[in-house]
Amino acid sequence: MSTRARVVSFVAIVVVLVVSAGVYVLREGTEVRAERAADPAAPQAPVAAIEDGPRIVFRHTGLDNEYGVVAMVPLDDPGGPRAFTGVSCDRVAARSTGASCLVTDTGIATTYEADELGPDWEPVDTSGLPGIPSRTRLSPDGSLVATTVFVSGHSYMSTGFSTATEVHEFGGGKRWGNLEKFQLVIDGEAVNPVDRNIWGVTFVDDRTFYATVGTGGTTWLVEGDLAARTLTSVSEHAECPSLSPDGSKVAFKVDVDPSRRIVWQIAVLDLATGERTLLAKGPRGLDDQVEWLDDDTLLYGMPRADDAGVTDVWSVDTTADAEPQLLIEQAWSPTVVRD
Amino acid sequence: MYITVRDRPGSDQEPSASGTTARPPVGRVVILLGLVSLLTDVSSESVSAILPLYLTVVVGLSPVAYGLIDGLYQGVSALVRLGGGWLSDASDRPKWVAFLGYGLSAIARVFLLFATGAAGIAAVVTADRIGKGIRTAPRDAMISTATPSEHLGRAFGVHRMLDTIGAALGPLIAFGLLLLVPDGYSVVLVVSLAFALAGVALLGLLGPDVRSRRDRSPQAGPTPPPFRWRDLTDRRLRPLLVISGVLGLLTVGDGFIYLALLDHGGVNVSWFPLFYVGTNLAYLLLAVPIGQLADRIGRARILVVGHLALVGAYLCSVLPTSTAAATAGTLLLLGTFYAATDGVIAAIAGRLVPVQARTSGIAAAQTVVAVARMLASAGFGLLWFLLGPAAAMGTVAALLVVAVLVAATRISRLDGAEVTP
């Protein structure tokens, strides 16, 4: 090929690339904007009709003009009309006293923040987050907030991820800082592994909590003590714990195929007897911190395989052969408010 | 930035006669390869910027799952780099080996559009990284061959500046597209693919077929023999490998420096995801001037002394009075460190081995640095937990000062070594 032919070919290729990528961007943009302008397909109710009774609060994930907005349904009618709060969250945890809401602020410089909201969904306090929101939980009385984010090690030479998990008082106040700094005790021995990651806090009360510690290629269910600043191992192979309302059981994810790839299923640990039940017929491949609907039933979110960005909330009993039931369509990050 | 483009790289052989004020021209090869890198970096950095969000929001996976798999492949890159160097030297076809690397990364982008699940995505990212491992050394060897020795620092500076402009633009383009199309991750992937293909096309169609062995001028002696591994044991190269290995062992990842800044809470944590933007900005602004300085006062000198900027970054990141100024200072020093080392080491290495081993020589130096830094990060993690950020950074800073002082005794030997034309 002559130099001229090469230049012409290159220009032709660039034109084709620019035109096809441009057309794709415009088409997708038009389609998504039309989608996001539509009203939700799900029936709606006013917030006032639901907010006084027991309810499930969640992130709505229908691809419509309420996408990402926090909604609620009555606990006794989860498939019924939903009420929208007008507040957008990636992850939400709620009590009757207020809510913790983790948000991605998309922009040319994308940032992340943790908002604490009062009972009227108005912000009480805001703090920055160092990475992508992953989990948030409130203590039973709503006085403490736990957040977990993914810190993407975006550096010039390397990639890799770690988690940052911290606990603080609701509405600003005392901060316990990154739980990585707590003394880790595994099998009765104080250890200082380099590769520790901590995620998925669930509170027992204002001092005690459970969480996951990942280190050395395995995961540990640990009991945390805010006053003593310790994390003490309780059980191995357990991630993202969630304590039952009566405090007797912990549900978590386990990787059932650790040798090949990660396939998570749910297991439940009875804290008094140490007996562990794997929900063999439960969801496979979930990646969520489960929530308790009541003392025998779990809630969790699952992405739809054929519908990018849309998720549903499912429920499953805590028995070994229980099968999942679709509970709330187009929902994510469920949190149960009992009073 | 004023850059003169000359058509024939061969004509750069005569030293500039136009006096001290004239800037030396930068060869067409350098600009072209710089543009190829720019396009490719826009492609890869736009994806890296959104990948964690894409994984959590669309694929519904925690990046932890992805990170675990990702870690397994870290060592592959070093081996691939040496393999790419060997292939390039043995065939004397650096352009087409580099093309293979760029092509592999572009193909990986196609698969990323369809990949689901952590394993699939990790495999695609690994293919991308293998592509990067293959292409880096042949591309640097082309720059080295196409540039007269006395202007190499500047040539690599220009290349790295263009490369880093791409790395800085990538995330901006990605987040700009997400503003245009809400949650339009597939749009970012498609645009990224278009940039990658444009880069491959630019190299394939317009990239000059620079061949270190064939293109040697007849005056330089008979045609060099084919590449042998023994060429890598060149006495001139050895001190460079030792020095960069030792200094690399005290180079902890930027991630730790960013975390140290975050740790004492003086900066708003919201800015954390943007720290690397500041580092890139400093790097791209300083790559050319520091490269020029290296040509003037000695490249090994700049390489070694440049590690003092890293010492500064370590110390600045744990200053007790943390302010926005300390953060900006840390990022500036980190960018300075990259400008003084990343391109400079390739500029040195390519001239310390026989011409038939140029790519392998560059690959060897880059591999030593990469492996040493990997070990450094692992070891530093331990120190971080045992001593806390401030004491850990202080310790490494002190050790690095000692290492720089020791390495400094070797500078004159390296800078004075006879260079391969």
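Let's start in the loop of chain B that runs between helix H3 (76–91) and helix H4 (94–112), where you will find Asp92(B). Is Asp92(B) buried or exposed? With 21 other C-beta atoms within 10 Å, Asp92(B) is buried. Its backbone deserves a look too: Asp92(B) has a positive phi of about 55°, although it is not a glycine. Most residues other than glycine have a negative phi. Keep in mind as you explore that this is a predicted model.

Chain A offers a second residue of this kind. Ser333(A) is not a glycine either, and its phi is positive, near 55°. Ser333(A) sits in a strand, S26 (residues 331–337) of chain A. It counts as buried because 28 C-beta neighbours lie inside 10 Å, and 20 or more are enough for that label.

Now step back and look at each chain as a whole. Chain A has two helices and 26 strands, while chain B comes to 15 helices and two strands. In chain A, 42% of the 339 residues count as buried; in chain B, 60% of the 421 residues do. You can also ask how far along the sequence the contacts reach. Take contacts between residues at least 6 apart in sequence: in chain A, 42% of them join residues at least 24 apart. In chain B, residues 24 or more positions apart account for 83% of the contacts with a separation of 6 or more.

What about the overall form of chain A? Its C-alpha trace spans about 80 × 50 × 45 Å along the principal axes. A compact globule of 339 residues would have a radius of gyration near 20 Å, and the 22 Å of chain A agrees with that.

Let's go inside next. The largest nonpolar core has 219 residues, and those with the most contacts inside it are Ala211(A), Ile50(B), Val188(B) and Ile348(B). Which helix gives the largest share of this core? It is helix H1 (residues 28–59) of chain B, with 16 residues. To see one of the core residues at work in the packing, pick Ile348(B). Leaving aside neighbours within four places in sequence, Ile348(B) is in contact with Leu240(B), Arg299(B), Ala300(B), Leu303(B) and Leu414(B).

Helix H14 of chain B is a good place to practise reading a helix. Its 20 residues (389–408) should span 28 Å at 1.5 Å a residue, and the end C-alpha atoms are indeed 28 Å apart. The buried residues of H14(B) include Pro389(B), Met393(B), Val396(B), Leu400(B) and Val404(B). Seen down the axis, the buried residues of H14(B) fall within an arc of 130°, so they line one face of the helix. On the other side of H14(B), Val402(B) and Leu405(B) are exposed. What covers the buried residues of H14(B)? The cover includes helix H8 (237–248), helix H9 (254–263), helix H11 (299–317) and helix H13 (358–387) of chain B.

Helix H9 is worth following further. In H9(B), 10 of its 10 residues are buried, and among them are Phe256(B), Tyr258(B) and the charged-name pair to look for at the ends, Asp254(B) and Asp263(B). The cover over the buried residues of H9(B) includes helix H10 (275–297), H11, helix H12 (324–349), H13 and H14 of chain B.Just before H8 there is another loop to visit. Arg236(B) lies between helix H7 (185–206) and H8 of chain B, and it is partly exposed, with 19 other C-beta atoms within 10 Å. Not counting residues up to four places away in sequence, Arg236(B) touches Leu352(B), Ala417(B) and Glu418(B). Arg236(B) and Arg413(B) are 177 residues apart in sequence, yet their C-alpha atoms are 8.7 Å apart in space.

Finally, how confident is the prediction? The model scores ipTM 0.83 and pTM 0.85. Chain A averages a pLDDT of 90, and 96% of its residues score at least 70; the mean for chain B is 85, with 86% of its residues at 70 or more. Over residues 1–22 of chain B, however, the pLDDT is below 50. It also stays under 50 over residues 68–72 of chain B and over residues 154–159 of chain A. Where pLDDT is low, the predicted coordinates should not be read in detail.

Notes. Residues are numbered from 1 along each chain as its sequence is written. Chains are lettered from A and ligands numbered from 1 in the order in which they are written. This is a predicted model: local features need pLDDT of at least 70, side-chain atom pairs count only at pLDDT 80 or more; totals for chains, interfaces and linings use all residues. Helices (H or I, at least four residues) and strands (E, at least two) are DSSP runs, numbered from the N terminus. The radius of gyration is taken over C-alpha atoms; the globule rule is 2.2 Å times the number of residues to the power 0.38. A residue is buried if 20 or more other C-beta atoms lie within 10 Å of its own, exposed if 12 or fewer, and partly exposed in between; C-beta atoms are placed from the backbone. Two residues are in contact if their C-beta atoms, placed from the backbone, lie within 7 Å. pLDDT is the predictor's confidence in each residue, from 0 to 100. The expected span of a helix is 1.5 Å times one less than its number of residues. The arc is that of the directions from the helix axis to the C-beta atoms. A nonpolar core is a set of buried Ala, Val, Leu, Ile, Met, Phe, Trp, Tyr and Cys residues joined through C-beta atoms within 7 Å.
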